[in-house]
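Good morning, everyone, and thank you for making room for this short talk. Please have the sequence and the three-dimensional view open while I speak, and stop me if a term is unclear.

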Amino acid sequence: MPQSPSGAEDPRRRIPRTDRLLALPEVVAASGAMGERVVHDLVRAAQDRARRGEIAPEDVAAAVLASLGEHSASSLRPVLNATGVIVHTNLGRAPLSPAARQAVQDAAGYTDVEFDLATGARSRRGAGARAALLAACPAAEDALVVNNGAAALLLATTALAAGREVLWSRGELVEIGAGFRLAELVASAGARVREVGTTNRTHASDYREALTAGAGGEQGAAAPGPGAAAPGPGAQPAPADEPPVGAILKVHTSNYRIEGFTSEVGIAELAALAHEHGLPLIADLGSGLLRPEPALPDEPDAASALTAGADMVITSGDKLLGGPQAGILLGRREVIARLARHPLARAVRADKLALAAIEATLAGPVPPVLAALRTDPDTLRERTDALAARLGGRTVAHDGRVGGGGGAEVPLPGWAIALEEELAAELRTGDPAVVGTVQGSACLLDLRCVPAEHEDTLVGAVAAARERLRVRDDRRRPEDSSAQDPAR
């Protein structure tokens, strides 16, 4: 039997065996929920801690049970968003409403997503989400949900303009997150992007000339032009009996603004021009709303765009709608049907969880995104003052933001709690994680997106962060004093 240097028995021999730990009732139950491999790794980690002397062998079983309670099935960690940015892309964009969360949970098992329980026959996929969208946006004749906004644009331009040109203002050639350029996305679908106008000014005459003054000056023979994006590898020329232009696209510059000497063509004027030439008008609103929002009077919405004449609008499910990641297409019945029949529709369709969450978001109470957007500054000031007093901080003016490519450069007046700058990193790495901002040598915590019921949790997180900093400072002080003591 192994002996320690002093002749005593090696305490590592008292570490519980793996099979005994795995046989504990709580561990057996956790294996069914988390999976055997995950639970086995947690057991091994507790045993390793005992081997290193971090815990006593008699504490291994308790450590295993504690780790089971702390372990999550996903590596994603919940975060308290104290940045003041409502639709924070890096933090998962829109937090789902309680109704949407319940809907996701209910839809996690078998559901009637494509099944008519009354007849036993196959039914239209996502009928509930479609009905909720049409109820929220009566100007639309039909609706289709795909997995995100980029997929919606890809499907629309592929189904309507593959092998043909899409007329697009140079001032609307948007680049979205991670360097993705929408013009390159459209070109990858086999459509040819035909840029019209200039960066700051585009007129109806620019579109008209692109439609009528193409190669050879023939009606509708739009020439590629020097700024046209290269067609994708699957691009085919338009058939001889079809005009070379397949659609006109208007994109809302939701993540930037062009100001000064500018001009753009509105949807109503563009729709008239498109319909004069028998073309569909696609309006991509980015993070746009389904209907007008008083808090963002300049943000376009689907109902207004459709009423103005757009044949189809594209909007987002996980931005200002306040729901799950999804691309939403609304418009004329025959246009939506054409998209739904295209083979690409199958590749980009939304799953049952997204469909359930969209329906619940629209049918349920005001989602957190809109509640945060409509926050009254005076009410926010009262909450901030009260919590600042509890935290020993001070209240400072702080503008929130919509984020997520919506309400570009629109400030949302509000307030934040200013704390010690060094707390920022500690809060981010704590449990729970709290993400604020650092400005003016202070850590700012904006309560706009922090639910009132989580205020006590935030107070506890700040207290724990301060304690960790204090412990580290206490450990460093003896070393610092030793280094400065000449007698040593």
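Before I turn to a glycine that follows a helix, I should say what a helix is here: helices are DSSP runs of H or I with at least four residues, and they are numbered from the N terminus. Please also keep in mind that what you see is a predicted model.

With that in hand, let us begin with helix α7, which covers residues 149-161. At 1.5 Å a residue, its 13 residues should span 18 Å, and because its end C-alpha atoms are 18 Å apart, the expected span and the model agree. At the start of α7, a side-chain oxygen of Asn148 comes to within 3.3 Å of the backbone nitrogen of Ala150, and just after α7 we find Gly163, which takes a positive phi of about 80 degrees.

Is α7 mostly covered or mostly uncovered? It is mostly covered, since eleven of its 13 residues are buried, with buried meaning under 20% relative accessible area. Among those buried residues are Leu153, Leu154 and Leu155, as well as Thr157 and Thr158.

A single residue in another helix shows how that cut-off is applied. Ser31 is found in helix α2, residues 25-34, and its relative accessible area is 17%, so Ser31 counts as buried. If we leave aside residues up to four places away in sequence, Ser31 touches Glu36 and Val39.

Let me move on to the nonpolar cores. The largest nonpolar core has 40 residues, and those with the most contacts inside it are Leu133, Tyr207, Ile248, Leu281, Val313 and Leu330. Helix α10, residues 267-276, gives the most to this core, with five residues. There is also a second, separate core of 30 residues, which includes Val146, Leu153, Val251 and Ile336; you may recall Leu153 as one of the buried residues in α7. Returning to Leu133, and again not counting residues up to four places away in sequence, we find that Leu133 touches several residues, including Ala143, Val145, Leu290 and Leu330.

Next comes the empty space. The largest pocket has a volume of about 1,500 Å³. Of the 40 residues that line this pocket, the closest to its centre are Val79, Ala94, Pro95, Leu96 and Arg101. The elements that give two or more residues to the lining are β1, α5, α15 and α16. Which of these gives the most to the lining? That is α15, with four residues.

I would like to finish with some backbone details, which are easily passed over on a screen. Arg93 lies in the loop between β1 and α5, and its phi is near 60 degrees, a positive value in a residue other than glycine. Arg93 has 25% relative accessibility, and therefore counts as partly exposed. Ser441, in the loop between β12 and β13, likewise has a phi near 60 degrees, but at 59% relative accessibility Ser441 counts as exposed. Lastly, in the loop between α17 and β11 lies Pro432, and the peptide bond that leads from Asp431 to Pro432 is cis, with omega near 5 degrees.

Thank you for listening, and I am happy to take questions.

Notes. Residues numbered from 1 in each chain as written. Predicted model: local features only at pLDDT ≥ 70, side-chain atom pairs only at ≥ 80, totals over all residues. Heavy atoms only, no water. Expected span 1.5 Å × (residues − 1). Buried < 20%, exposed > 50% of the residue type's maximum accessible area, 1.4 Å probe, protein only. Polar contact = N/O pair within 3.5 Å; in protein donor to acceptor, adjacent residues only side chain to side chain. Contact = heavy atoms within 4.5 Å. Core = buried A, V, L, I, M, F, W, Y, C linked by side-chain atoms within 4.5 Å. 1 Å grid on protein atoms, 1.4 Å probe; cavity = no way out; pocket = protein on both sides within 12 Å on 5 of 7 lines; lining within 4 Å. Points joined across faces, edges and corners; volume = space filled by probe spheres on them.
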